[in-house]
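I opened this entry to look up two things: the cysteines and the surface charge. My notes follow in the order I took them.

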Amino acid sequence: MTEEKVNVLIIGSGPAGYTAAIYAARAGLKPVMYQGGQPGGQLTITNDVENYPGYPDGINGPQMMVDFQKQAERFGTDVRFGLATKVDFSGYPHKVIIDDKHEITANAVIISTGASAKWLGLESEQRLNGMGVSACAVCDGFFYKGQDVVVVGAGDTAAEEATYLSNICNKVTMIVRRDEMRASKIMQRRVEKAKNIEILWNTETEEVLGKDEVEGVRVVNNVTGEKTEIKATGFFVAIGHKPNTEIFKDFLELNDAGYIITKPGSTKTKVEGVFASGDAQDFIYRQAVTAAGTGCMAALDAERFLAEKEDELEEQEEVAEKA
(Lines give C-alpha, C1' and ligand atoms only; values in the text may rest on other atoms or scores of the structure.)
Protein backbone atom coordinates (compact mmCIF):
# COMPACT_ATOMS: atom_id res chain seq x y z
CA MET A 1 0.00 0.00 0.00
CA THR A 2 1.57 3.27 -1.12
CA GLU A 3 0.87 6.44 0.88
CA GLU A 4 0.46 10.10 0.03
CA LYS A 5 -0.60 13.30 1.78
CA VAL A 6 -2.67 15.94 -0.04
CA ASN A 7 -4.42 19.13 0.97
CA VAL A 8 -7.76 18.77 -0.85
CA LEU A 9 -8.95 15.50 -2.34
CA ILE A 10 -11.88 15.47 -4.79
CA ILE A 11 -13.54 12.09 -5.21
CA GLY A 12 -15.36 11.87 -8.54
CA SER A 13 -15.64 14.18 -11.52
CA GLY A 14 -18.57 15.48 -13.57
CA PRO A 15 -19.82 19.09 -13.33
CA ALA A 16 -19.67 19.09 -9.52
CA GLY A 17 -16.17 17.67 -9.21
CA TYR A 18 -14.62 19.74 -11.99
CA THR A 19 -16.20 22.96 -10.73
CA ALA A 20 -14.97 22.22 -7.21
CA ALA A 21 -11.53 21.62 -8.71
CA ILE A 22 -11.55 24.93 -10.60
CA TYR A 23 -12.44 26.93 -7.49
CA ALA A 24 -10.13 25.00 -5.19
CA ALA A 25 -7.19 25.31 -7.59
CA ARG A 26 -7.73 29.04 -8.08
CA ALA A 27 -7.73 29.41 -4.29
CA GLY A 28 -4.31 27.78 -4.12
CA LEU A 29 -5.55 24.63 -2.36
CA LYS A 30 -3.68 22.28 -4.74
CA PRO A 31 -6.57 19.84 -5.27
CA VAL A 32 -6.05 16.26 -6.36
CA MET A 33 -8.97 14.66 -8.20
CA TYR A 34 -9.68 10.99 -8.80
CA GLN A 35 -12.21 10.77 -11.63
CA GLY A 36 -13.93 7.58 -10.56
CA GLY A 37 -15.33 4.70 -12.57
CA GLN A 38 -17.03 6.97 -15.11
CA PRO A 39 -14.80 10.00 -15.72
CA GLY A 40 -17.04 12.98 -16.45
CA GLY A 41 -20.11 11.37 -14.91
CA GLN A 42 -23.49 10.90 -16.55
CA LEU A 43 -22.88 13.63 -19.11
CA THR A 44 -20.44 11.34 -20.88
CA ILE A 45 -23.44 9.29 -22.06
CA THR A 46 -25.42 12.38 -23.11
CA ASN A 47 -25.15 13.29 -26.77
CA ASP A 48 -26.43 16.86 -26.74
CA VAL A 49 -26.55 19.34 -23.87
CA GLU A 50 -28.59 22.44 -24.71
CA ASN A 51 -29.67 23.71 -21.29
CA TYR A 52 -26.27 24.61 -19.81
CA PRO A 53 -25.56 28.38 -19.86
CA GLY A 54 -22.72 29.53 -22.08
CA TYR A 55 -23.29 27.10 -24.95
CA PRO A 56 -25.76 28.90 -27.25
CA ASP A 57 -25.54 26.19 -29.91
CA GLY A 58 -25.50 23.32 -27.44
CA ILE A 59 -22.58 20.95 -26.91
CA ASN A 60 -21.83 17.27 -26.95
CA GLY A 61 -21.83 15.90 -23.39
CA PRO A 62 -18.42 14.18 -23.51
CA GLN A 63 -16.83 17.26 -25.09
CA MET A 64 -18.34 19.44 -22.38
CA MET A 65 -16.65 17.31 -19.73
CA VAL A 66 -13.35 17.49 -21.63
CA ASP A 67 -13.67 21.30 -21.52
CA PHE A 68 -14.40 21.21 -17.78
CA GLN A 69 -11.36 19.01 -17.17
CA LYS A 70 -9.06 21.24 -19.23
CA GLN A 71 -10.20 24.29 -17.27
CA ALA A 72 -9.58 22.52 -13.96
CA GLU A 73 -6.11 21.41 -15.10
CA ARG A 74 -5.30 24.88 -16.38
CA PHE A 75 -5.40 26.19 -12.81
CA GLY A 76 -3.30 23.36 -11.45
CA THR A 77 -5.68 20.53 -10.50
CA ASP A 78 -3.96 17.15 -10.46
CA VAL A 79 -6.52 15.03 -12.34
CA ARG A 80 -5.98 11.28 -12.06
CA PHE A 81 -7.65 8.06 -13.15
CA GLY A 82 -8.71 5.93 -10.22
CA LEU A 83 -11.60 4.84 -8.04
CA ALA A 84 -12.03 5.44 -4.32
CA THR A 85 -12.68 1.98 -2.89
CA LYS A 86 -12.63 2.68 0.85
CA VAL A 87 -12.65 5.64 3.24
CA ASP A 88 -11.89 6.19 6.91
CA PHE A 89 -13.38 9.40 8.30
CA SER A 90 -13.08 8.32 11.94
CA GLY A 91 -10.13 10.59 12.58
CA TYR A 92 -8.43 13.67 11.17
CA PRO A 93 -6.94 14.08 8.66
CA HIS A 94 -9.13 11.83 6.52
CA LYS A 95 -8.01 8.64 4.81
CA VAL A 96 -9.15 7.45 1.38
CA ILE A 97 -8.01 4.26 -0.37
CA ILE A 98 -7.73 4.41 -4.17
CA ASP A 99 -8.06 1.19 -6.20
CA ASP A 100 -7.39 -0.85 -3.03
CA LYS A 101 -3.67 -0.04 -3.23
CA HIS A 102 -2.99 3.66 -2.61
CA GLU A 103 -3.76 5.41 0.69
CA ILE A 104 -4.29 9.15 0.62
CA THR A 105 -4.42 11.33 3.73
CA ALA A 106 -6.33 14.55 3.03
CA ASN A 107 -6.95 17.71 5.03
CA ALA A 108 -10.28 18.20 3.24
CA VAL A 109 -12.37 15.85 1.10
CA ILE A 110 -14.95 16.89 -1.51
CA ILE A 111 -17.30 14.12 -2.60
CA SER A 112 -18.73 14.36 -6.12
CA THR A 113 -19.37 10.72 -6.92
CA GLY A 114 -22.77 11.42 -8.49
CA ALA A 115 -25.64 9.01 -9.00
CA SER A 116 -26.40 6.37 -11.60
CA ALA A 117 -29.73 6.02 -13.34
CA LYS A 118 -31.52 2.72 -12.86
CA TRP A 119 -32.21 0.89 -16.11
CA LEU A 120 -34.45 -1.96 -17.17
CA GLY A 121 -31.53 -4.09 -18.29
CA LEU A 122 -32.55 -4.50 -21.92
CA GLU A 123 -29.90 -4.82 -24.63
CA SER A 124 -31.88 -2.54 -26.93
CA GLU A 125 -32.22 0.03 -24.15
CA GLN A 126 -28.46 0.27 -23.73
CA ARG A 127 -27.74 0.15 -27.46
CA LEU A 128 -30.04 3.12 -28.12
CA ASN A 129 -28.99 5.08 -25.06
CA GLY A 130 -28.51 8.67 -26.20
CA MET A 131 -30.30 7.93 -29.49
CA GLY A 132 -33.83 8.19 -28.18
CA VAL A 133 -33.37 6.44 -24.84
CA SER A 134 -32.93 8.77 -21.88
CA ALA A 135 -33.21 8.85 -18.10
CA CYS A 136 -33.90 12.58 -17.87
CA ALA A 137 -36.92 14.26 -19.46
CA VAL A 138 -35.88 17.72 -18.32
CA CYS A 139 -32.50 17.22 -19.99
CA ASP A 140 -33.66 15.70 -23.27
CA GLY A 141 -37.40 16.29 -23.60
CA PHE A 142 -36.93 19.33 -25.84
CA PHE A 143 -35.57 17.13 -28.64
CA TYR A 144 -38.95 15.37 -28.85
CA LYS A 145 -41.16 18.42 -29.06
CA GLY A 146 -44.39 17.58 -30.88
CA GLN A 147 -43.55 13.87 -31.03
CA ASP A 148 -44.83 10.71 -29.34
CA VAL A 149 -42.81 9.40 -26.40
CA VAL A 150 -42.95 6.65 -23.77
CA VAL A 151 -42.22 6.92 -20.05
CA VAL A 152 -41.50 3.86 -17.91
CA GLY A 153 -42.22 4.05 -14.20
CA ALA A 154 -44.95 4.55 -11.62
CA GLY A 155 -43.42 6.73 -8.93
CA ASP A 156 -43.23 10.49 -8.43
CA THR A 157 -40.29 10.78 -10.82
CA ALA A 158 -42.17 9.04 -13.62
CA ALA A 159 -45.32 11.09 -12.99
CA GLU A 160 -43.32 14.31 -12.96
CA GLU A 161 -41.45 13.44 -16.16
CA ALA A 162 -44.64 12.38 -17.94
CA THR A 163 -46.36 15.61 -16.92
CA TYR A 164 -43.36 17.66 -18.07
CA LEU A 165 -43.29 15.87 -21.43
CA SER A 166 -47.05 16.26 -21.90
CA ASN A 167 -46.52 20.02 -22.18
CA ILE A 168 -44.17 19.72 -25.14
CA CYS A 169 -44.88 16.36 -26.78
CA ASN A 170 -47.82 15.21 -28.90
CA LYS A 171 -48.55 12.13 -26.81
CA VAL A 172 -47.04 10.49 -23.74
CA THR A 173 -47.59 6.80 -23.01
CA MET A 174 -46.80 5.66 -19.48
CA ILE A 175 -45.86 2.03 -18.94
CA VAL A 176 -46.81 0.85 -15.44
CA ARG A 177 -46.16 -2.76 -14.50
CA ARG A 178 -48.85 -2.93 -11.81
CA ASP A 179 -52.52 -1.90 -11.71
CA GLU A 180 -51.73 1.20 -9.68
CA MET A 181 -49.12 3.93 -9.38
CA ARG A 182 -46.73 4.45 -6.47
CA ALA A 183 -46.69 8.20 -7.06
CA SER A 184 -48.20 10.56 -4.51
CA LYS A 185 -51.87 11.45 -4.95
CA ILE A 186 -51.10 14.97 -6.09
CA MET A 187 -48.74 13.71 -8.78
CA GLN A 188 -51.29 11.14 -9.93
CA ARG A 189 -53.89 13.88 -10.27
CA ARG A 190 -51.55 15.89 -12.47
CA VAL A 191 -51.11 12.88 -14.73
CA GLU A 192 -54.85 12.31 -14.88
CA LYS A 193 -55.49 15.95 -15.82
CA ALA A 194 -53.17 15.78 -18.83
CA LYS A 195 -55.31 14.87 -21.83
CA ASN A 196 -52.40 13.56 -23.88
CA ILE A 197 -51.08 11.05 -21.31
CA GLU A 198 -52.19 7.43 -21.70
CA ILE A 199 -51.37 4.87 -19.01
CA LEU A 200 -50.89 1.21 -19.89
CA TRP A 201 -51.48 -0.76 -16.68
CA ASN A 202 -49.97 -4.18 -15.91
CA THR A 203 -47.53 -3.61 -18.73
CA GLU A 204 -43.79 -4.20 -19.09
CA THR A 205 -41.26 -3.29 -21.76
CA GLU A 206 -40.02 -6.20 -23.84
CA GLU A 207 -37.86 -4.33 -26.33
CA VAL A 208 -37.04 -0.83 -27.57
CA LEU A 209 -37.44 -0.86 -31.34
CA GLY A 210 -35.13 0.77 -33.85
CA LYS A 211 -31.70 0.25 -35.41
CA ASP A 212 -29.93 3.60 -35.08
CA GLU A 213 -32.60 5.53 -33.18
CA VAL A 214 -35.78 4.80 -31.25
CA GLU A 215 -38.73 4.03 -33.52
CA GLY A 216 -41.04 2.39 -31.04
CA VAL A 217 -41.45 0.08 -28.07
CA ARG A 218 -42.79 -3.47 -27.80
CA VAL A 219 -44.62 -4.06 -24.55
CA VAL A 220 -46.38 -7.04 -23.00
CA ASN A 221 -49.36 -7.14 -20.68
CA ASN A 222 -48.19 -9.21 -17.71
CA VAL A 223 -51.76 -10.41 -17.00
CA THR A 224 -53.02 -11.39 -20.46
CA GLY A 225 -49.67 -11.93 -22.19
CA GLU A 226 -50.79 -9.73 -25.08
CA LYS A 227 -47.99 -7.92 -26.89
CA THR A 228 -48.31 -4.45 -28.42
CA GLU A 229 -46.00 -2.22 -30.41
CA ILE A 230 -46.12 1.51 -29.69
CA LYS A 231 -44.72 4.02 -32.16
CA ALA A 232 -42.49 6.52 -30.40
CA THR A 233 -39.29 8.47 -30.96
CA GLY A 234 -38.37 8.90 -27.31
CA PHE A 235 -38.13 6.32 -24.51
CA PHE A 236 -37.69 7.74 -21.00
CA VAL A 237 -36.76 5.41 -18.15
CA ALA A 238 -37.94 6.94 -14.88
CA ILE A 239 -37.52 4.18 -12.32
CA GLY A 240 -35.12 6.11 -10.11
CA HIS A 241 -31.45 6.81 -9.50
CA LYS A 242 -28.93 5.20 -7.18
CA PRO A 243 -26.39 7.56 -5.60
CA ASN A 244 -22.81 6.31 -5.68
CA THR A 245 -22.32 6.62 -1.93
CA GLU A 246 -21.95 3.06 -0.68
CA ILE A 247 -18.39 3.52 0.60
CA PHE A 248 -19.44 6.45 2.82
CA LYS A 249 -22.34 4.80 4.66
CA ASP A 250 -20.34 3.93 7.79
CA PHE A 251 -19.19 7.51 8.32
CA LEU A 252 -21.68 9.93 6.79
CA GLU A 253 -25.40 10.44 7.31
CA LEU A 254 -27.44 9.19 4.34
CA ASN A 255 -31.16 9.43 3.69
CA ASP A 256 -33.32 6.37 2.99
CA ALA A 257 -32.41 6.45 -0.70
CA GLY A 258 -28.68 6.66 0.01
CA TYR A 259 -28.09 10.35 -0.74
CA ILE A 260 -25.61 12.15 1.52
CA ILE A 261 -27.29 14.55 3.94
CA THR A 262 -25.64 17.96 4.12
CA LYS A 263 -26.25 20.83 6.50
CA PRO A 264 -28.87 23.26 5.10
CA GLY A 265 -27.37 26.00 2.98
CA SER A 266 -23.99 24.30 2.70
CA THR A 267 -22.18 21.22 1.46
CA LYS A 268 -20.95 20.26 4.94
CA THR A 269 -21.54 16.69 6.05
CA LYS A 270 -21.67 15.43 9.63
CA VAL A 271 -17.90 14.87 9.47
CA GLU A 272 -15.72 17.93 9.83
CA GLY A 273 -13.73 18.58 6.67
CA VAL A 274 -15.82 16.35 4.41
CA PHE A 275 -18.09 18.05 1.87
CA ALA A 276 -20.62 16.58 -0.57
CA SER A 277 -21.68 18.06 -3.91
CA GLY A 278 -23.65 17.17 -7.01
CA ASP A 279 -25.97 14.22 -7.44
CA ALA A 280 -24.41 12.35 -4.52
CA GLN A 281 -26.40 14.69 -2.27
CA ASP A 282 -29.01 16.23 -4.62
CA PHE A 283 -32.05 14.00 -5.10
CA ILE A 284 -34.35 16.82 -6.24
CA TYR A 285 -32.85 18.73 -9.18
CA ARG A 286 -30.11 16.45 -10.60
CA GLN A 287 -29.05 18.91 -13.32
CA ALA A 288 -25.57 19.71 -14.59
CA VAL A 289 -25.89 23.37 -13.68
CA THR A 290 -27.05 22.69 -10.12
CA ALA A 291 -24.27 20.12 -9.70
CA ALA A 292 -21.74 22.72 -10.81
CA GLY A 293 -23.23 25.17 -8.31
CA THR A 294 -22.79 22.79 -5.39
CA GLY A 295 -19.28 22.01 -6.60
CA CYS A 296 -18.49 25.70 -6.26
CA MET A 297 -20.05 25.72 -2.79
CA ALA A 298 -18.02 22.69 -1.71
CA ALA A 299 -14.74 24.33 -2.74
CA LEU A 300 -15.63 27.53 -0.90
CA ASP A 301 -16.70 25.57 2.18
CA ALA A 302 -13.44 23.61 2.07
CA GLU A 303 -11.40 26.80 1.69
CA ARG A 304 -13.04 28.35 4.75
CA PHE A 305 -12.62 25.16 6.74
CA LEU A 306 -8.91 24.95 5.98
CA ALA A 307 -8.41 28.62 6.80
CA GLU A 308 -10.09 28.08 10.18
CA LYS A 309 -7.90 25.01 10.79
CA GLU A 310 -4.80 27.07 10.03
CA ASP A 311 -5.94 29.78 12.47
CA GLU A 312 -6.51 27.15 15.17
CA LEU A 313 -3.04 25.71 14.61
CA GLU A 314 -1.43 29.18 14.87
CA GLU A 315 -3.29 29.85 18.12
CA GLN A 316 -2.14 26.53 19.55
CA GLU A 317 1.46 27.32 18.59
CA GLU A 318 1.23 30.75 20.25
CA VAL A 319 -0.14 29.20 23.45
CA ALA A 320 2.62 26.62 23.43
CA GLU A 321 5.30 29.29 23.00
CA LYS A 322 3.92 31.34 25.91
CA ALA A 323 3.80 28.25 28.10
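Before starting, I wrote down the cut-offs: buried means under 20% relative accessible area, exposed means over 50%, and partly exposed lies in between. I also noted that the model is predicted.

Entry on burial of a cysteine. I looked up Cys-296 and found a relative accessible area of 16%. Since buried means under 20%, Cys-296 is buried.

Entry on disulfides. How many disulfides does a search of the whole structure find? I got one. The disulfide joins Cys-136 to Cys-139, with 2.2 Å from S to S. I then checked its hand: the torsion about the S-S bond of Cys-136 and Cys-139 is about 70°, so the disulfide is right-handed. As for its two ends, Cys-136 is buried at 15% relative accessible area, whereas Cys-139 is partly exposed at 26%.

Entry on Cys-169. Why does Cys-169 not bond to the closest cysteine sulfur? That sulfur belongs to Cys-136 and is 13 Å away, which is too far for a bond, because a disulfide needs the sulfur atoms within 2.5 Å. I also recorded that Cys-169 counts as buried, with 7% relative accessibility.

Entry on surface charge. I found a patch of negative charge on the surface, where Glu-308, Glu-310, Asp-311, Glu-312, Glu-314, Glu-315, Glu-317, Glu-318 and Glu-321 gather. I followed up one of them, Glu-310. Glu-310 sits in helix 7, which covers residues 288-322. Its relative accessible area is 49%, so I entered Glu-310 as partly exposed.

Conventions. Residues are numbered from 1 along each chain as its sequence is written. This is a predicted model: local features need pLDDT of at least 70, side-chain atom pairs count only at pLDDT 80 or more; totals for chains, interfaces and linings use all residues. Side-chain values use heavy atoms; hydrogens and water are left out. Patches are made of residues with over 30% relative accessible area and no salt bridge: like charges are joined within 9 Å, nonpolar side chains (Val, Leu, Ile, Met, Phe, Trp, Tyr) within 5 Å. Accessible areas come from the Shrake-Rupley method with a 1.4 Å probe; for residues, only the protein chains shown count as cover. A salt bridge is a side-chain nitrogen of Lys or Arg within 4 Å of a carboxyl oxygen of Asp or Glu. Lys and Arg count as positive and Asp and Glu as negative; His and the chain ends are not counted. The place of a charge is taken as NZ of Lys, CZ of Arg, CG of Asp or CD of Glu. Helices (H or I, at least four residues) and strands (E, at least two) are DSSP runs, numbered from the N terminus. Buried means under 20% relative accessible area, exposed over 50%, partly exposed in between (1.4 Å probe, protein chains only).
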